[in-house]
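Colleague: I should be grateful for a close look at the interior of this model, with attention to how its parts are packed against one another. Please begin with the overall picture and then proceed to the individual contacts.

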Amino acid sequence: MAIHLNRRRFLRHSAVLGLAAGAAPALAGSGEALRVWRYKGQAASFLADAGQASTPYPVEWVDIPGGAMVLEAFASASLDYAFMSPVLPLFASAAGNPLVLIASYQGEQNRSALIVKRGSGIRSLADLKGKRISFVRATDTHYLVLNLLRDNGLNLADIQARPMPARDALIAFQNGHLDAIVAGGIGALQALTQMDGQVLDAASRYQCGNYLIATSARVLEQPGKQAQIADFLERERATWDWVERNPEAWAARNQALTGISSALYLQQFNQRQRPCRLLPVSEQDIAAQQRIADLFHDSGLLRQPLAVRDLWDRRFTSLLSGQGSAAA
């Protein structure tokens with residue numbers, strides 16, 4: 001949906017961002033949309049609640065499943081901006097369509113766990129051999145599975161790997177079609193509180209780092225796009241700040257979106273170890289992603305070793321650090 005803002009307010013906002021004065025009128029009058037991937041539960045779901053939905057340029061929401069379809073959208077020049085796990089850009093690079101990583105999102109992705117049914121007879125990781133285990137391909141859950149298997153002398157060939165979307169995995173787990181799932185966030189809480197699940201092992205030993213905001217070099221080269229992205233980054237940051245201050249409203253919105261009880265979302269919120277925040281690129285982010293790339297290569301899932309540093313771009317660091325702004 002494209003929502004416009006009047007020219008006067010946009011010019012005022014541009015001054016705050018430090019965007020080039022000459023670009024502001026052109027952007028305000030441009031019909032060029034910023035194409036943003038929208039996924040339930042991420043910042044796009046709460047922009048209106050946080051008062052951040054009225055952008056000075058059109059926004060085109062790209063509503064597609066995650067994973068490979070997001071990479072295809074970038075490769076076909078149909079997407080400008082996306083939230084994603086640090087694993088997905090590795091496969092974009094391997095396919096010859098590297099992304100540009102411009103910010104990171106601190107959340108609870110490092111609290112994923114491998115969950116089994118109580119009374120299943122699975123008491124140790126060694127018992128996973130031959131079992132049906134689900135994870136979401138090219139996410140932190142995939143990374144956790146690879147680590148757990150490696151450290152217990154196993155690999156993907158030793159289990160019945162069942163990669164699938166998280167929601168499908170929960171249904172399969174509930175109905176007895178899976179022996180174990182790797183899940184985090186609200187999905188893990190559902191499995192533990194509503195499906196007789198118990199944690200066999202957790203991700204605390206295998207930090208995957210923060211999630212990422214990605215764009216492409218092609219997008220950044222287009223006139224006006226960098227200014228749009230700078231504005232949207234600030235809106236996303238403000239939206240996560242709103243979530244921190246308004247957990248009840250956040251939980252209620254999630255219930256409306258997913259049908260899952262707001263009480264369970266509040267339980268998730270109250271059990272967090274870290275707040276949700278949008279952050280500038282850091283050396284920690286780069287190092288964490290390099291560990292992931294090395295493991296996926298060692299596991300045979302990436303044919304060539306990959307140096308990830310070249311994927312990261314710090315042009316929005318000052319903006320996200322509150323020290324200045326990105327150039328238009």
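Modeller: The account below moves from the chain as a whole to its cores, two of its helices, its aromatic pairs and two loop positions.

The model is predicted, and the mean pLDDT of the chain is 88, with 88% of the residues scoring at least 70. Residues 1–23 have a pLDDT under 50 throughout, and the model gives this stretch 38 contacts beyond four places in sequence. Where pLDDT is low, the predicted coordinates should not be read in detail. The chain contains 13 helices and 11 strands, and 49% of its 328 residues are buried. Of the contacts between residues at least 6 apart in sequence, 79% join residues at least 24 apart.

The interior may be taken up through its nonpolar cores. The largest of these has 49 residues, and the members that touch the most others are Val70, Leu79, Met84, Leu99, Leu114, Leu128 and Trp312. At least two residues of this core come from each of α3 (68–75), β3 (82–84), α4 (88–94), β5, α5 (140–150), β8, β10 (211–215) and α12 (283–298). Helix α5 makes the largest contribution, with six residues. Leu128 illustrates the packing: beyond residues up to four places away in sequence, Leu128 touches Leu114, Ile122, Ile133, Asp158, Ile159, Ala180 and Leu200. Another core, apart from the largest one, has 39 residues, including Ala43, Val219, Val243 and Ala251.

Helix α5 deserves separate attention. Of its 11 residues, 10 are buried, and the helix is thus mostly covered. The buried positions are Asp140, Thr141, His142, Tyr143, Leu144, Val145, Leu146, Asn147, Leu148 and Leu149. Among the elements that cover these buried residues are β5, β8, β9, β10 and α12.

Helix α6 (residues 166–174) has its buried residues at Ala169, Leu170, Ala172 and Phe173. Viewed down the axis of α6, these buried residues lie within an arc of 165°, and they therefore line one face of the helix. An α-helix has 3.6 residues a turn, so residues three or four places apart point the same way. The buried residues of α6 pack against β5 (113–117), β6 (132–134), β8 (180–183), α7 (185–194) and β9 (197–202). Phe173 also takes part in a contact with a charge: the charged end of Lys117 sits over its ring, 4.9 Å from the centre. Just after α6, Gly176 adopts a positive phi of about 85°.

The aromatic residues come next. A search of the whole structure returns 10 aromatic pairs. In the pair formed by Trp61 and Phe232, the ring centres are 6.2 Å apart and the planes meet at 65°, so the arrangement is edge-to-face. This pair links distant parts of the chain, with Trp61 in strand β2 (residues 59–62) and Phe232 in helix α9 (residues 225–245), 171 residues apart. Both Trp61 and Phe232 are buried. A further pair is that of Tyr105 and Trp240, whose ring centres are 4.8 Å apart and whose planes lie at 45°, so this pair is tilted. Here too distant parts of the chain are linked: Tyr105 is in strand β4 (residues 100–106) and Trp240 is in helix α9, 135 residues apart. Tyr105 and Trp240 are both buried, and they belong to one aromatic cluster together with Phe46, Phe83 and Tyr211. Elsewhere, the charged end of Arg272 sits over the ring of Phe269, 3.7 Å from its centre.

Two alanines in loops complete the picture. Ala50 is in the loop between β1 (34–37) and β2, and its relative accessibility of 16% is why Ala50 counts as buried. Beyond its neighbours within four places in sequence, Ala50 is in contact with Thr239 and Trp242. A separation of 8.8 Å is found between the C-alpha atoms of Ala50 and Arg235, which are 185 residues apart along the chain. Ala77 occupies the loop between α3 and β3, and because its relative accessibility is 30%, Ala77 counts as partly exposed. Ala77 is in contact with Arg35 and Arg218, leaving aside neighbours within four places in sequence. The C-alpha atoms of Ala77 and Ser216 are separated by 9.1 Å, although these residues are 139 apart along the chain.

Terms used: Residues are numbered from 1 along each chain as its sequence is written. This is a predicted model: local features need pLDDT of at least 70, side-chain atom pairs count only at pLDDT 80 or more; totals for chains, interfaces and linings use all residues. Side-chain values use heavy atoms; hydrogens and water are left out. Rings of Phe, Tyr and Trp (its six-membered ring) pair if their centres lie within 6.5 Å; planes under 30 degrees apart count as stacked, over 60 as edge-to-face and the rest as tilted. Helices (H or I, at least four residues) and strands (E, at least two) are DSSP runs, numbered from the N terminus. Buried means under 20% relative accessible area, exposed over 50%, partly exposed in between (1.4 Å probe, protein chains only). A charge sits over a ring if NZ of Lys or CZ of Arg is within 6 Å of the ring centre and within 35 degrees of the ring normal. Contact means heavy atoms within 4.5 Å. pLDDT is the predictor's confidence in each residue, from 0 to 100. The arc is that of the directions from the helix axis to the C-beta atoms. A nonpolar core is a set of buried Ala, Val, Leu, Ile, Met, Phe, Trp, Tyr and Cys residues joined through side-chain atoms within 4.5 Å.
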